[in-house]
Amino acid sequence: MNTESGLYYYGSPRVKESGGDLSLDYIMAGPVTSFSIPNSTVRPFVGVLLGAAILTPGGNTADYSSDTRFAMGVQLGTNIYMSPRFGLQLKAQLLAPVDATEGGYYYSNYGSGGGISTYSDIYQFSLNAGLIIGLGRVLPARTYHRTRSYRARPRPYRYY
């Protein structure tokens, strides 16, 4: 994800005084939990991401080197299957490189405790859409063939 910012001189002509062009590359991994809706081809999911953010300045700021930081993120979306091997994925994602981490610990006559907190100045939100091409068994075939379901007949009572 790239971003562009800067300070401009608004005279005539409009000239960029200084730039803040930045390229953000993420390397993320994390668990994704999927939920099943009975008799539906829609599968919502939610996930947590942890990894690294590589911040590289661009434009006329080439004298600066890139910076690598810890990053975290969340994602929420749904998979909509048209067939057992083909579908559409809609996803919203929020990523943030961590700027600082603080921690503390205390001990007194009344007990002890501690805590850790993090914060970020950059939050990037994205909406994504993609195709799902399944190579294995994705959903049971009965979900797509909506025929009338027949229940087994109850066994008749045997009178003795």
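**View A. Val48 lies in strand E6 and belongs to a nonpolar patch on the surface**. The view is taken from a predicted model, in which local features need pLDDT of at least 70 and side-chain atom pairs count only at pLDDT 80 or more, while totals for chains, interfaces and linings use all residues. Residues are numbered from 1 along each chain as its sequence is written, and side-chain values use heavy atoms, with hydrogens and water left out. Strands (E, at least two residues) and helices (H or I, at least four) are DSSP runs numbered from the N terminus. Val48 counts as partly exposed because its relative accessibility is 47%, the category between buried (under 20% relative accessible area) and exposed (over 50%; 1.4 Å probe, protein chains only). The patch joins Val48 with Leu50, Phe70, Met72, Val74, Leu94, Tyr123, Phe125 and Leu127, and together these residues have about 910 Å² of accessible area. Areas come from the Shrake-Rupley method with a 1.4 Å probe, and for residues only the protein chains shown count as cover. Patch members have over 30% relative accessible area and no salt bridge, and are joined within 5 Å for nonpolar side chains (Val, Leu, Ile, Met, Phe, Trp, Tyr) or within 9 Å for like charges. Two or more residues of the nonpolar patch come from each of E6, strand E7 (67-83) and strand E11 (124-133), and E7 gives the largest share, with 3 residues.

**View B. Eight residues make up the largest nonpolar core, among them Leu24 and Ala53**. The other members of this core are Leu22, Tyr26, Leu49, Leu55, Ala71 and Leu95; a nonpolar core is a set of buried Ala, Val, Leu, Ile, Met, Phe, Trp, Tyr and Cys residues joined through side-chain atoms within 4.5 Å. Strand E4 (22-29) and strand E6 (42-57) each supply at least two residues of the core. Leu24, which lies in strand E4, is buried, with a relative accessible area of 1%. Although Leu24 and Pro97 are 73 residues apart along the chain, their C-alpha atoms are separated by 9.2 Å. Leaving aside residues up to four places away in sequence, Ala53 touches Asp25, Tyr26, Asp67, Thr68, Arg69, Ala71 and Pro97, where contact means heavy atoms within 4.5 Å.

**View C. Asp67, Arg69 and Asp99 are linked in a network of salt bridges**. A salt bridge here is a side-chain nitrogen of Lys or Arg within 4 Å of a carboxyl oxygen of Asp or Glu, and the structure holds 2 of them. In the pair formed by Arg69 and Asp67, the closest N and O atoms are 2.9 Å apart; in the pair formed by Arg69 and Asp99, the N to O distance is 2.5 Å. Asp99 lies in the loop between strand E8 (86-97) and E9, whereas Arg69 lies in strand E7, so this pair ties together parts that are 30 residues apart in sequence. Each of the three residues counts as partly exposed, with a relative accessibility of 28% for Arg69, 34% for Asp67 and 26% for Asp99.

**View D. Strand E8 pairs in the antiparallel sense with E7** **and with E11**. The pairing of E7 with E8 runs over 12 bridges, and that of E8 with E11 over 10 bridges; two strands pair if DSSP finds at least two bridges between them. E7 and E8 form a hairpin with 2 residues between them, and Gly73 stands opposite Leu95 in E8, Leu95 being also one of the core residues of View B. On the E11 side, the bridge partner of Lys91 is Asn128.

**View E. Strands E9 and E10 form a hairpin with 2 residues between them**. Strand E9 (residues 100-108) and strand E10 (residues 111-119) pair in the antiparallel sense over 9 bridges. Within this pairing, Gly103 has Ile116 in E10 as its bridge partner.

**View F. The chain as a whole has 0 helices and 11 strands**. Among contacts between residues at least 6 apart in sequence, 51% join residues at least 24 apart. Buried residues make up 21% of the 160 residues, and the chain exposes about 12500 Å², of which carbon and sulfur atoms supply 56%.
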